Amino acid sequence: MSSKKPLRKNEEITVPKIRVVDEDDNQLGVMGVEEALHIARERQLDLVEVSPKAEPPVCRIMDFGHYLYRQKKVENKQKRLAKAHETKEIRFGIRISDHDFQVRVVRARQFLEKQHSVKIILQFRGREASHPEIGLKRIEEMKISLADVAKCDEDPKKQGRNIIVELKPSAHQKSE
């Protein structure tokens, strides 16, 4: 029942014999399409082909509009859940002021409390790259400040002119 291939319903079903399942998951047996359509219309429901490759094809008596509504709700929920766990980025340099650093810590804390991963990127400019120990010290300050809401699985990595570390929300931390 994928949303990519449209399901055939009612008069769109062209095979002579089908296996029919009613709205309560009871098997009504193998019968002709006209007879199954008659049963569906008596119950004010639709006849929907749910398994066209089966022998004989399986059709279900259901409210097709309600079925589409439920499918759309499930897809929307999956989209929301997929989006809920994005990776956010926080960038700063080694010469950042203490207040600006605290602002970055607060922002990272907000992301982590919402169950987002946070990628901390410390950028070096010019000759700053010759002193990676200063950058690592700043990264460690950030990790210590966020230790109550985040865990770090890997050590900071140097990539070009940046030092990158990814923080994930703590397992005991629950989103609201």
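**Exercise 1. Classify glutamate 23 in this predicted model: is it buried, partly exposed or exposed?**

Step 1. Take the relative accessibility of glutamate 23, which is 37%.
Step 2. Apply the cut-offs: buried is under 20%, exposed is over 50%, and partly exposed lies in between.
Step 3. Glutamate 23 therefore counts as partly exposed.
Step 4. Place the residue. Glutamate 23 sits in the loop between strand E1 (17-21) and strand E2 (27-32).
Step 5. List its contacts, leaving out residues up to four places away in sequence. Glutamate 23 touches Arg43, Leu45 and Ile61.
Step 6. Add a distance. Lysine 9 is 14 residues away along the chain, and the two C-alpha atoms are separated by 15 Å.

**Exercise 2. Describe how E1 and E2 pair, and what is found in the turn.**

Step 1. Find the sense of pairing. E1 and E2 run antiparallel, joined over five bridges.
Step 2. Pick out a facing pair. Isoleucine 18 stands opposite methionine 31 in E2.
Step 3. Name the motif. The two strands form a hairpin, with five residues between them.
Step 4. Check the turn. Aspartate 25 has a phi near 65°, a positive value in a residue other than glycine.
Step 5. Check its surroundings. Aspartate 25 has a relative accessible area of 54%, so it is exposed.

**Exercise 3. Which residue in the segment before E1 has a positive phi, and is it buried or exposed?**

Step 1. Go to the segment before E1, where asparagine 10 is found.
Step 2. Read phi. For asparagine 10 it is near 45°, positive although the residue is not glycine.
Step 3. Read the accessibility. At a relative accessible area of 14%, asparagine 10 is buried.

**Exercise 4. Locate the cis peptide bond that involves proline 56.**

Step 1. Find the loop. Proline 56 lies between strand E3 (46-51) and strand E4 (58-62).
Step 2. Inspect the bond to glutamate 55. Its omega is about -10°.
Step 3. Conclude: the peptide bond joining glutamate 55 and proline 56 is cis.

**Exercise 5. Why is strand E6 (residues 117-123) described as largely enclosed?**

Step 1. Count the buried residues. Five of the seven in E6 are buried, so the rest of the structure largely encloses the strand.
Step 2. Look at its partner. Strand E5 (residues 87-93) runs parallel to E6, and seven bridges join them.
Step 3. Note a facing pair. Glutamate 89 stands opposite lysine 119 in E6.
Step 4. Take one residue of the strand. Serine 117 belongs to E6. Its relative accessible area is 13%, so it is buried.
Step 5. Trace its contacts beyond four places in sequence. Serine 117 meets Glu86, Thr87 and Lys88, and also Glu166, Leu167, Lys168 and Pro169.

**Exercise 6. Compare the overall dimensions of the protein with those of a compact globule.**

Step 1. Take the reference. A compact globule of 176 residues would have a radius of gyration near 16 Å.
Step 2. Take the model. The protein has 29 Å.
Step 3. Add the extents. Along its principal axes, the C-alpha trace spans about 80 × 30 × 20 Å.
Step 4. Add burial. Of the 176 residues, 35% count as buried.
Step 5. Add the surface. The accessible area is about 11700 Å², and carbon and sulfur atoms hold 50% of it.

**Exercise 7. What is the order of helices and strands along the chain?**

Step 1. Count the elements: four helices and nine strands.
Step 2. Read from the N terminus: β-β-α-β-β-α-β-α-β-α-β-β-β.
Step 3. Turn to contacts with a separation of 6 or more. Residues 24 or more positions apart account for 58% of these.

Key:
Residues numbered from 1 in each chain as written. Predicted model: local features only at pLDDT ≥ 70, side-chain atom pairs only at ≥ 80, totals over all residues. Heavy atoms only, no water. Rg over C-alpha atoms; globule rule 2.2 N^0.38 Å. Buried < 20%, exposed > 50% of the residue type's maximum accessible area, 1.4 Å probe, protein only. Contact = heavy atoms within 4.5 Å. Areas by Shrake-Rupley, 256 points an atom, 1.4 Å probe, with all protein chains shown as cover. Pairing = 2+ DSSP bridges.
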